[in-house]
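Here is my note on the model you sent, written as numbered points. Please read it with the structure open beside you.

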Amino acid sequence: MIPPSPVIRVSHLTKRFGAQVVVDDLSFEVAAGETLVLLGPSGCGKTTLLKTLNRLIEPNGGTIEINGRDVRQQKPEELRRGIGYVIQQVGLLPHLTVAQNVGVVPGLLGRPPAETAARTTELLNRLHLPAERFGPMLPAELSGGQQQRVGLARALAADPPVILLDEPFGALDPITRTAVRRDFRELDELRRKTVVLVTHDVTEAFELADRIMLLDKGKIQQLGPPRELLLHPASDFVRSFFQAEQLALQLRVVTLAEVQPFLPQGQPAASADTPTLPPTASVHEALGQLDAGAASAFRLADQPQVITRGQLLAAFGQALG
Ligand SMILES: Nc1ncnc2c1ncn2[C@@H]1O[C@H](COP(=O)(O)OP(=O)(O)OP(=O)(O)O)[C@@H](O)[C@H]1O
Ligand SMILES: [Mg+2]
């Protein structure tokens, strides 16, 4: 089988502001349907890199291809209509209603108004902003979390295959942030899209990324699946970047299949109402299941015995060596 060609191909990209090199000779690809998360400290060049992809910023050197075409061959406005974009400050148009904001790009693309209205209603409802109530409101009448949901709906409205998101959950309190992020993850159509998402939140990166690009001073420090960066950091910078949240992140990347060899044998048999988890589930998911439900133990699919929380944590510790 021929592997799907990358949707985004960046080669030797460089951007300077005066003497400062903000994006320093970056080369990478993003595959169709992949979610790439750009992570790194404030000022490391994440927003600048993202904005070069849809030509809001013109680079000093290097090339960017999207769907096999050099972005410079396309008019910036046309390019941008084909790419969903959520900016760091949400940026809704203040004099348009919520529904009109969501419909801006489909309108520019000449889609039939009835189709756009139906799509707007569908998206707002799915993002927990009932269209009947929120559609006619102005952005200023919405909370920060509601505005960010509208920003997401707007980026998705024209159903673009590529979506760029710059801190789409920034400026939210932690509880709202978790809720908006869950709504985002549960949007099925995002799984089919090629997504480049900027965050400086490590947990968010691990939750959403197929691969993480960790940047510092305009250079890639490491690019790979979250577990690679965590378990095999390429440098002290990478290691120290995840240090503060190491345990919580390890719980997310280690699977039940990996801890299974360290679980005790000869446990009591599970009953019919014992929750069952697949071996591909993470230790984090298993703990979440135990905390949420009434059950004090679970079993692995195809395994007869119960596993308690304490046994799971002990085996997790051993699996990490
Ligand atoms: N228009 C500009 N003119 C001059 N310098 C700029 C400009 N835009 C960005 N910079 C500089 O480029 C560097 C990278 O900025 P950028 O906005 O890409 O960072 P970032 O990684 O997105 O940071 P944050 O996490 O704070 O959003 C910063 O040092 C910033 O001061
Ligand atoms: Mg930024």
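The points below take the ligand site first and then the nonpolar core.

1. Please keep in mind throughout that this is a predicted model, and that the distances and areas quoted here are computed from it.

2. Ligand 1 is surrounded by twelve residues, and the closest of these are Ser 42, Gly 43, Lys 46, Thr 47 and Thr 48. By type, the shell around ligand 1 consists of seven polar residues, four nonpolar ones and one charged residue.

3. Polar contacts to oxygen atoms of ligand 1 come from both backbone and side chain: a polar backbone atom of Gly 45 is 3.0 Å from such an oxygen, a polar backbone atom of Cys 44 is 3.2 Å from one, and a polar side-chain atom of Lys 46 lies 2.8 Å from one. Taken on its own, ligand 1 has 640 Å² of accessible area, of which the protein covers 61%.

4. Two elements, strand S2 (20–30) and helix H1 (46–53), give two or more residues to the shell around ligand 1, and H1 gives the most, with three residues.

5. Turning to the interior, the largest nonpolar core has 61 residues, and those with the most contacts inside it are Phe 242, Leu 256, Val 283 and Leu 312. Helix H7 (residues 144–156) provides the largest share of this core, namely five residues.

6. Where does this core lie with respect to domain 1 and domain 2? It lies between them, because domain 1 (8–251) and domain 2 (255–319) both give residues to it. As general background, nonpolar side chains tend to be buried together in soluble globular proteins.

Conventions
Residues numbered from 1 in each chain as written. Chains lettered and ligands numbered in written order. Predicted model: local features only at pLDDT ≥ 70, side-chain atom pairs only at ≥ 80, totals over all residues. Heavy atoms only, no water. Near = heavy atom within 4 Å. Polar contact = N/O pair within 3.5 Å; in protein donor to acceptor, adjacent residues only side chain to side chain. Areas by Shrake-Rupley, 256 points an atom, 1.4 Å probe, with all protein chains shown as cover. Helix = DSSP H or I, 4+ residues; strand = E, 2+ residues; numbered from the N terminus. Nonpolar A, V, L, I, M, F, W, Y, C, P; charged D, E, K, R; others polar. Core = buried A, V, L, I, M, F, W, Y, C linked by side-chain atoms within 4.5 Å. Buried < 20%, exposed > 50% of the residue type's maximum accessible area, 1.4 Å probe, protein only. Domains from an automatic or database assignment.
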